[in-house]
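Colleague: Could you bring the model up, so that we can go through it together?
Modeller: Here it is.

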Amino acid sequence: MTDTQTLDRVRGYLQLGMGAEALEELGEVDLAGREPTETLILRMLACRMVGRWTEMQDAARALMRRAPREPEFWVLLADATRHAESL
């Protein structure tokens, strides 16, 4: 299965609310040393769905470094941090 097909499956799992399955599929993506932005976004959303807040923080930080002017990544990092460190 190609990475494109795998990412399509991940999107499908996320649409169905199946975050754990989405993360399992993401484990099969060949990252070749660097995780593409789209894959990071999907990983962040799946982590949010299953409550893996520290992993969501890591993905959001990586996205912020790539696109510091994208406010959504800052908001998602704040949400993950709130859950990981204060709830």
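**Contacts of R43 and E35**

Modeller: Apart from its neighbours within four places in sequence, R43 is in contact (heavy atoms within 4.5 Å) with L23, L26 and E35. This is a predicted model, in which local features need pLDDT (the predictor's confidence in each residue, from 0 to 100) of at least 70 and side-chain atom pairs count only at pLDDT 80 or more, while totals for chains, interfaces and linings use all residues. Residues are numbered from 1 along each chain as its sequence is written, and side-chain values use heavy atoms, with hydrogens and water left out.

Colleague: Is R43 buried or exposed?
Modeller: R43, whose place is in helix 3, is buried (under 20% relative accessible area, with a 1.4 Å probe, protein chains only; exposed is over 50% and partly exposed in between), at a relative accessible area of 18%.

Colleague: And where does E35 lie?
Modeller: E35 lies in the loop between helix 2 (19–26) and helix 3 (37–50), where helices are DSSP runs of H or I, at least four residues, numbered from the N terminus. E35 is buried too, with a relative accessible area of 15%, and, leaving aside its neighbours within four places in sequence, E35 is in contact with L40, R43 and R66.

Colleague: Switching to helix 2, which residues are buried there?
Modeller: In helix 2 the buried residues are G19, A22, L23, E25 and L26. Viewed down the axis of helix 2, they fall within an arc of 160° (taken from the directions from the helix axis to the C-beta atoms), so they line one face of the helix.

Colleague: What covers them?
Modeller: The cover over the buried residues of helix 2 includes helix 1 (3–15) and helix 3.

Key:
Helix = DSSP H or I, 4+ residues; strand = E, 2+ residues; numbered from the N terminus.
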